[in-house]
Each structure stands twice: as C-alpha cells, then as structure tokens.
Amino acid sequence: MHTGDHDLFIYFFLLLAERVVAINNFKLFSQVVAVAARNLEDAQEFASKHGISRAYGSYEELARDPNIDVVYVGVIHPYHLSTCLLFTKAKKNVLCEKPLAMNAKEVKEILASAKMNNVFFMEAVWTRFFPISVEIRRLLAQGEVGEVKMVRAEFGSEQMHIPRSVQKELGGGALLDIGIYCLQLICMVYNGEKPERIQATGFCLETGVDETVVVTLKFSNNRLAVFTCSLRVQLPNDAIIVGTKGIIKIPAHMWCPTSMVVNGKETQYPLPEPSLPLNFTNSTGLRYEAEEVRQCLLKGLKESSVMSHADSLRLAEVEDEIRRQVGVVYSQDCH
C-alpha cells in the first residue's frame, strides 16, 4: 500500500461532516476516487482541495457509481440507517462510522441488508484494530493475567459546545458518542458475552440526551465491568483489565492507545507521523481499521472477525438497555 495514498485514505476518515467517500484499487493500494455530500458545492470544494476525481451532490449518485470497491459512511448516526441501506442495496461494500445505528432494531436492519445483498460490512470501531488491542487479545488468550475479573474504563471530555453531542435530533449523548469506546473494550475482553445484569445511572441534559452515565455490568462467574462517560468533564480516560494473575493498564487515551502497562512493565506503540493535518487525537491510527477492511476484501470476507456483526449487535443491545435505565429516548425508538 503506497504510503501517500494510504495517508490520504486515512485523512478522509477524519472529515465526518455529512460526507461519504468511496475507495477503489484496494488490491494494490487505497485510493479515494469519489466524495459525496448533500450539497454539490461542498462535495466539489472537498474534491478540489484533496485531488479527488469525482464529486457528487447526493449519496444516490455515488451509489450508482460502478467504479468503487468500498464506501466509508461518515454521516452523523441518525442517518446511518438510511445511508447504509442505500449503499448495501446498491451492492456496495461498506465501512460505517460508529455507533452503527441509533438502536438495536436499526442495527439488525442494516446487517440484514448487508447479508441479503452479499456485501462486506463493518462498524468502524477503530480502537479494535490498534496494535495495543491486538496485543491485549493475545495476552488474554494466553492467560498472561489469569482469569479476568474486572474491567474499568472511562471516557469524558468537555463537548457541551458541540451541537451534534448535545442535540437529540443529531444523535447526541455521551453513551453513543464516547461511552461506546468503553463498552466495546469490555465486550472485547469478555469475548462478546452477554452481561447477566446491567445497572446504569446518570442524568440528562434539557435536550433529553445523557450528559454523564455510570454503568456496572455483571458477567458470568462473578466477573464485573464498570465504565463512566461524560460530555461535561474531562476524565482520566484510561482503562484497566484486572485478572487473577496480573493487571493490564491502558493510559489515556484509551480509545486510541499508544502505550500499555502489563504487570508494571510499560511498552510504547508509537503511531506513524501524519503527513496531513488531523482533526482528532492519534488519528493516524485509523489506518489500522482501513487495513482490516482491505484484508477482508482481499479474502472475500463479508465481515471482520475482529469487529463482527454479532459484536455490533451486542453493543447496540447493551446501549439500548443503558439508555432505557437512564431515560434517553430517541425518535428512532418510537417507530
């Protein structure tokens, strides 16, 4: 994969303001070949700035383009259902930004469409593909810290000024935006197992979305997990995995980690330096999920074993119950 092309591909992952990008030539390298936005002028400006050959003023036009291998959906999540269905029905492979949808019902509909249309589909939980996440799965599989008995994770940042974080119609709320990173880690550590008990408490903004939430999950064999997410305050943003023979610590930023401490020994996993400006912390790490998509497509797979369809559904099911307990109801829950 040519470095420049790959960096360009990754750069587009960072621009999530109502755009969809299309990739082709994945067998040799990733090349952005088209961009779509709701407004043609926006798409054209974006394409001109970044040297993209085709720009579309609607997602429907992009769906009709036969010369693409995979589509990255970066629209805000209230529009994930309609946008994903548009592309899966057009027989396009899709990588969709997290959270996959507003609730488990929508997730099931998206995954069913991907299966029916025989296309690759993955939720873009980028953390799963970082080298540290790969190493954690290896350590747990080999029993390096014994039987895991507790997982704790936190993600809090001041986002009250960001409309999409606090407005209900934009899919706002701490859980779906950032709490999902804590929950996905817990689900990964416990191999996607369904919790026996979910206890959630928190409070909502006047807009009706969750500002801060604390969740306790009980799994079989008396294994526990606790996570906190908040749009109001900056938390330590770290995580720990505690086993009967040791501890794995993931310092901040746990959702895009570059270091890990295993039984007191720290190891650094530096990211490649960016060749273009980045919008978010450690965003060159998005290359890892991009490479996963590429490898899955090369192998003819329809889903990733690292972030499977079942994983996406489990996340949504647990999130639904947490929201029920905290009192967050979106319009998508009512029909």
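**View 1. Glu321 and its salt-bridge partner in helix H10**. Glu321 is partly exposed, with a relative accessible area of 23%; buried means under 20% relative accessible area, exposed over 50%, and partly exposed in between (1.4 Å probe, protein chains only). Its partner Arg324 is exposed, at 57%. The two side chains meet in a salt bridge, 2.7 Å from N to O, where a salt bridge is a side-chain nitrogen of Lys or Arg within 4 Å of a carboxyl oxygen of Asp or Glu. Because Arg324 and Glu321 sit three residues apart in helix H10, about one helical turn separates them. Helices (H or I, at least four residues) and strands (E, at least two) are DSSP runs, numbered from the N terminus.

As a reading note, this is a predicted model in which local features need pLDDT of at least 70 and side-chain atom pairs count only at pLDDT 80 or more, while totals for chains, interfaces and linings use all residues. Residues are numbered from 1 along each chain as its sequence is written, and side-chain values use heavy atoms, with hydrogens and water left out.

**View 2. A salt bridge within helix H6**. Here Arg138 and Glu135 pair up, with 2.6 Å from N to O. They are three residues apart in helix H6, so about one helical turn lies between them. Arg138 counts as partly exposed because its relative accessibility is 36%, whereas Glu135, at 19%, counts as buried.

**View 3. Asp311 and Arg128, a link between distant parts of the chain**. The closest N and O atoms of this salt bridge are 3.4 Å apart. Asp311 belongs to helix H10 (residues 309–326), and Arg128 to the loop between strand S6 (121–124) and H6, 183 residues apart. Both residues are buried.

**View 4. A network of salt bridges**. Lys98, Arg164 and Asp177 are linked together here. The model's count comes to 15 salt bridges.

**View 5. The second largest pocket**. A pocket is an open set of points on a 1 Å grid over the protein atoms alone, where a 1.4 Å probe fits, with protein on both sides within 12 Å along at least five of seven lines; lining residues have an atom within 4 Å of a point. This one has a volume of about 300 Å³, the space filled by probe spheres set on the points. Of its 17 lining residues, Leu140, Met188, Val189, Tyr190 and Asn191 lie nearest its centre. Helices H6 (131–141) and H8 (174–189) each supply at least two lining residues.
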